Amino acid sequence: MLIFLGLVYAWSVFKKPLANAYGWNDSQLTWTFTICMFMFCLGGFAGARLAKFTSHRVLTWFCGACIGAAFFAMGYMTSLWQIYVLYGVVIGFAVGIVYNCVLATGNRWFPDKGGLVAGLLLMFFGAGSLFLSPLSNFLIMTYGLKLAFAMIGIMFVFIFLIGGLFVITPSDEDSKELEKIAVKKEASLDIIEFTPKEMLRTESFWIYFLWCALVSAIGIGLLGQIATISGSVGMSSGKAALMVSLFAVFNGLGRLYFGGFYDRRGRELTMTIFGIGFVLGGLALAFGVIINSSVLIIISLVLFGIAYGGVTPTNANFARSFFGNTNYATNFSLVNFNLLIAVFLGQYVGSTLYMKTGGYASTAIAITILSIASLIIQFFIKPARKKEHDCIV
């Protein structure tokens, strides 16, 4: 299911066919992804709240039906606002709900291995665009937009109908045993349970939120420009497309590795290591663009892929290890709201600077500055304490 949910990050595969079919420009279509990310954040929060009234399985089935119906309806669009509503609002919101449900379910079954589980699940989420972009492109080129969207919609319904059968929260008996594991784990880490309101009043949350917005902006800004940056240093279109896959592969490996590494070595060392990866990636990118070196571009994409891969499992781990399991789903969804800032900052760094300067040197330098800033900021993140509530209003 997470592989299919990862299709939301493969929006670029739909942009050119839609532009050719309807005459919409790049700026108009880019807003679709922005709306989608906004609704993804709201969906994650809504999923955590709705789970109090119904099961994760029912939510998964409902969202699968909504996504399938939205893709089917996209084949009959006539106006720009319809793509905003169908892909941006409906699909973005539904993906956010299921994303939260699946991760929260995994966290409840493995309270002592939250990082590894989150990393493994998020590896498949990140790999979605790697597998589904070529499939979607093949369907569009072979059958046209209308039939391709219908096929994608049917696949979503089928996958979620089957996959939903396995989204099972622990029974009362299982919960008692798992609670013992969770309590033992929390005691060893000195974890304090926070409500969402209490979490929002801590300094730790807001410093982490700022850090996460910066590194997510780096990833978003780079994701949309990998092929064009590669082409700007002399790579062929085929090699440039391969660079997108290269980034996706190392991004998936980073998610898996750092998810488990967090469990073993803790947040501070984990964030420091991939924080250094961001800085080195930024320097390699900047020098690669300036001296026109494809080798340095490849090195930068490998470093960025691994480092950016560490961000999402760290988000899941941060919400759990800093603020507890009791309100994990809601707290985690609030952490993900950093994407609302990141998507605008990332688009500015990735495309606006290029349009203003006519080259990617400014983009590479901006990404390097953001990387250095994020590395410095992460050292100010300290374990949350209840007493902080008196300091932050």
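Q: Which DSSP runs count as helices here, and from where are they numbered?
A: A helix is a DSSP run of H or I with at least four residues. A strand is a run of E with at least two. Both are numbered from the N terminus.

Q: Where is Asn 338 found?
A: This is a predicted model. In it, α15 covers 328–335. Asn 338 is found in the loop between α15 and α16.

Q: Is Asn 338 buried or exposed?
A: Buried means under 20% relative accessible area. Asn 338 has 1%. Outside the residues up to four places away in sequence, it touches Phe 209, Cys 212, Ala 213, Ser 216 and Asn 315. Asn 338 is therefore buried.

Q: Which residues is Thr 314 in contact with, leaving aside its neighbours within four places in sequence?
A: Thr 314 sits in helix α14, residues 311–323. Its relative accessible area is 0%, so it counts as buried. Its contacts beyond those neighbours are Tyr 208, Tyr 262, Thr 270, Met 271 and Phe 274.

Q: What does Ile 162 count as at 37% relative accessibility?
A: Ile 162 belongs to helix α6, residues 114–163. Buried would need under 20%, and exposed over 50%. At 37%, Ile 162 therefore counts as partly exposed.

Q: What distance separates the C-alpha atoms of Ile 162 and Leu 120?
A: Along the chain, Ile 162 and Leu 120 are 42 residues apart. In space, their C-alpha atoms are separated by 20 Å.

Q: How many Å does helix α12 reach from its first C-alpha to its last?
A: Helix α12 spans residues 267–291, which is 25 residues. At 1.5 Å a residue, 36 Å is expected. The reach is close to that, at 36 Å.

Q: Which residue just after α12 takes a positive phi?
A: Most residues other than glycine have a negative phi. The residue just after α12 has a phi of about 60 degrees. It is not a glycine. It is Asn 292.

Q: What is the relative accessible area of Asn 292?
A: Asn 292 lies in the loop between α12 and α13 (294–309). Exposed would need over 50% and buried under 20%. Asn 292 falls in the partly exposed class, because its relative accessible area is 47%.

Q: How is α16 oriented to α17?
A: Helix α16 (residues 339–357) and helix α17 (residues 361–377) pack at about 150 degrees, with their axes 8 Å apart. Angles over 145 count as roughly antiparallel. So α16 is, to α17, roughly antiparallel.

Q: What classes make up the contact of α16 with α17?
A: The crossing of these two helices is right-handed. From α16 come Leu 345, Val 349, Gly 350, Leu 353, Tyr 354 and Thr 357. From α17 come Ser 362, Thr 363, Ala 366, Ile 367 and Leu 370. By class, the contact has seven nonpolar, four polar and no charged residues.

Q: How is α9 oriented to α17?
A: The axes of helix α9 (residues 203–223) and α17 come within 9 Å and cross at roughly 155 degrees. The cut-off is over 145. So α9 is, to α17, roughly antiparallel.

Q: How many nonpolar residues has the contact of α9 with α17?
A: The crossing of α9 with α17 is left-handed. In α9, Ile 207, Leu 210, Trp 211, Leu 214, Val 215, Ile 218 and Leu 222 take part. They meet Ile 367, Leu 370, Ser 371, Ala 373, Ser 374 and Ile 377 of α17. Two residues are polar, none is charged, and the nonpolar ones number 11.

Q: How are α9 and α13 oriented to each other?
A: Their axes come within 11 Å and cross at roughly 135 degrees. Roughly antiparallel needs over 145, and roughly perpendicular 65 to 115. The two helices are therefore oblique.

Q: Which residues in α13 meet α9?
A: α9 passes α13 in a left-handed crossing. α9 brings Val 215, Ser 216, Ile 218, Gly 219, Ile 220, Leu 222 and Leu 223. They meet Leu 301, Phe 304 and Tyr 308.

Q: Which helices are included in what covers the buried residues of α17?
A: α17 has 17 residues and reaches 24 Å from its first C-alpha to its last. Its buried residues include Thr 363, Ala 366, Ile 367, Leu 370, Ser 371, Ser 374 and Ile 377. What covers the buried residues includes α9, α12, α13 and α16.

Technical notes. Residues are numbered from 1 along each chain as its sequence is written. This is a predicted model: local features need pLDDT of at least 70, side-chain atom pairs count only at pLDDT 80 or more; totals for chains, interfaces and linings use all residues. Side-chain values use heavy atoms; hydrogens and water are left out. The expected span of a helix is 1.5 Å times one less than its number of residues. Axes are lines fitted to C-alpha atoms, for helices over the stretch in contact, and angles run from 0 to 180 degrees between N-to-C directions. Angles under 35 degrees count as roughly parallel, over 145 as roughly antiparallel, 65 to 115 as roughly perpendicular and the rest as oblique. A crossing is left-handed if the near helix is turned anticlockwise from the far one by less than a right angle, and right-handed if clockwise. Contact means heavy atoms within 4.5 Å. Ala, Val, Leu, Ile, Met, Phe, Trp, Tyr, Cys and Pro count as nonpolar, Asp, Glu, Lys and Arg as charged, and the others, Gly among them, as polar. Buried means under 20% relative accessible area, exposed over 50%, partly exposed in between (1.4 Å probe, protein chains only).
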